[in-house]
Amino acid sequence: MSGALLAGCSDNGNDAAGNNADTGNTAGNASAESAQADAGPAEVDLIFGTGGTSGSYYPIGGALKPVFEASDQIGRVQVVSTGASVQNIQNIQDGLNQIAIVMSDVAYDAINGENQFEGAKADIATLAGLYPNVVQIVATADSGIQGVADLKGKRVGVGKVGSGVEQSAQKVLESAGFTYDDLARVSHTGYADSVTEMSNGNLDAAFFTSGVPNSSITGLMQTSDVTFVPVEGEVADKLLEAYPYYETYTIPAGKPERYGLDNAVTTVAIRNILIVPASMDEAVAQELTKRFDDYLGSDKVSVGALKDIDPASMDQNLVVPLHPGAKAYYDDREGDSNGG
């Protein structure tokens with residue numbers, strides 16, 4: 001049995017002759033292969049790894065499902081709720097997902113075999129850079145907190161244990177030269193609980209790492225006076241130097257859909273990326289990238305997070321290399337824009 005399977009999978013055209021296959025079978029196989037080539041490549045089914053149903057990843061997967069399925073190269077796209085970035089990459093490694101959304105910091109660890117992926121480097125590639133998860137530090141107006149250094153000696157919500165929010169909080173504090181021990185109180189609260197604690201006067205500030213706007217922050221602003229704490233200067237410089245997946249981000253002023261701030265706030269962000277196995281067929285990867293880019297340029301985009309993507313930068317500043325198929329698409333797009 002195993003010998004037959006291996007022979008069937010062989011790329012060696014001499015196998016048939018070596019096994020004394022008759023001329024009729026050879027001709028029949030050639031005819032079948034020719035017919036299959038004329039019919040085009042078989043459709044590829046995809047399982048799309050997202051995140052929890054209450055987050056942004058899951059509705060993005062739902063929005064992209066019909067976009068990808070409209071392609072002749074793509075069959076069924078099954079969107080699945082997962083534990084997000086870490087599980088998505090592990091699922092791709094195990095062959096359970098063929099496309100997924102992940103955060104750049106987790107993907108960076110994965111391709112370098114660090115932290116959760118120590119000793120198990122992931123073989124993944126990027127189709128597109130997506131929207132940023134922005135590090136937003138919000139303090140009560142009467143706390144006196146104006147900068148990251150002012151968090152020392154204060155009561156701070158840092159996100160749930162092991163969450164992306166907590167990882168960002170720890171890195172920001174580290175870049176400012178202090179740790180949890182320098183805070184008056186460390187609260188491992190999620191968004192909703194952090195807002196409640198701030199409203200009740202039990203927390204002075206909290207970290208939120210998400211898209212902009214964050215609905216919990218918006219709700220807090222309706223009931224309390226708050227200050228957005230910038231991550232800038234030496235703190236930002238150290239953070240950006242130590243962790244290449246961070247980038248600068250400015251929350252603009254005067255934009256009602258971005259909190260309607262009086263003054264812009266400079267901070268940092270971690271980009272989300274759309275990934276596939278590095279082994280994905282180049283033509284399929286190119287087609288997926290094209291479909292995604294075309295969708296972003298249409299008037300059919302319904303998920304707010306997708307509206308915060310700059311199509312011109314989807315192939316830039318990525319910590320995980322582009323898939324060759326995606327690169328081929330962007331190269332063609334660039335050539336078209338230059339009149340090539």
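**Why these words fit this predicted model**

Q: Why does F207 count as buried in this predicted model?
A: Buried is the word for residues under 20% relative accessible area. F207 comes to 1% relative accessibility, so the residue counts as buried.

Q: What surrounds F207, and where is this residue found?
A: F207 is found in strand β7, residues 205-210. Beyond its neighbours within four places in sequence, F207 is in contact with V135, Q136, I137, L151, V156, G157, V165, A169, V172 and Y191. A further pair is worth a look: F207 and V138 are 69 residues apart in sequence, and their C-alpha atoms are 6.6 Å apart in space.

Q: How many helices and strands does the chain have, and what share of its residues is buried?
A: There are 12 helices and 10 strands. Buried residues make up 44% of the 340 residues in the chain. As for contacts between residues at least 6 apart in sequence, 73% of them join residues at least 24 apart.

Q: What makes strand β3 largely enclosed by the rest of the structure?
A: Strand β3 covers residues 99-103, and 5 of its 5 residues are buried, so the strand is largely enclosed by the rest of the structure. In a regular strand, side chains alternate between the two faces of the sheet. Here I99, I101 and M103 point one way from β3, while A100 and V102 point the other way, and all are buried.

Q: How do you know that β3 pairs with β1 and with β10?
A: Pairing calls for at least two bridges between two strands. β1 (residues 44-49) is joined to β3 by 2 bridges, and these strands run parallel. β3 is joined to β10 (residues 265-277) by 4 bridges, and these run antiparallel. Both pairings can be found by residue: F48 stands opposite I99 in β3, and M103 stands opposite N272 in β10.

Q: Why are helices α5 and α6 called oblique to each other?
A: Helix α5 (residues 85-93) and helix α6 (residues 104-112) pack at an angle of about 40 degrees, with their axes 9 Å apart. Angles under 35 degrees would count as roughly parallel, and 65 to 115 as roughly perpendicular. The angle of about 40 degrees fits neither range, so α5 and α6 are oblique. The contact is made by S85, V86 and I89 of α5 with V106, A107 and A110 of α6. These residues divide into 5 nonpolar, 1 polar and no charged.

Q: Which residues of α6 are buried, and what do they pack against?
A: The buried residues of α6 are S104, D105, V106, A107, D109 and A110. They pack against α5, β3, β4 (124-140), α7 (164-175) and β10. After α6 comes G113, whose phi is positive, near 65 degrees.

Q: What makes α4 oblique to α11?
A: Helix α4 (residues 57-69) packs against helix α11 (residues 282-296) at an angle of about 120 degrees, with the axes 10 Å apart. Roughly perpendicular covers 65 to 115 degrees, and roughly antiparallel needs an angle over 145. About 120 degrees fits neither, which makes α4 oblique to α11. The crossing of α4 past α11 is right-handed.

Q: Which residues of α4 and α11 meet?
A: From α4 come A63, L64, V67 and F68, which meet L288, R291, F292 and Y295 in α11. The residues of this contact divide into 7 nonpolar, no polar and 1 charged.

Technical notes: Residues numbered from 1 in each chain as written. Predicted model: local features only at pLDDT ≥ 70, side-chain atom pairs only at ≥ 80, totals over all residues. Heavy atoms only, no water. Axes fitted to C-alpha atoms, helices over the stretch in contact; angles between N-to-C directions. Left-handed = near helix turned anticlockwise from the far one by under 90°. Contact = heavy atoms within 4.5 Å. Nonpolar A, V, L, I, M, F, W, Y, C, P; charged D, E, K, R; others polar. Buried < 20%, exposed > 50% of the residue type's maximum accessible area, 1.4 Å probe, protein only.
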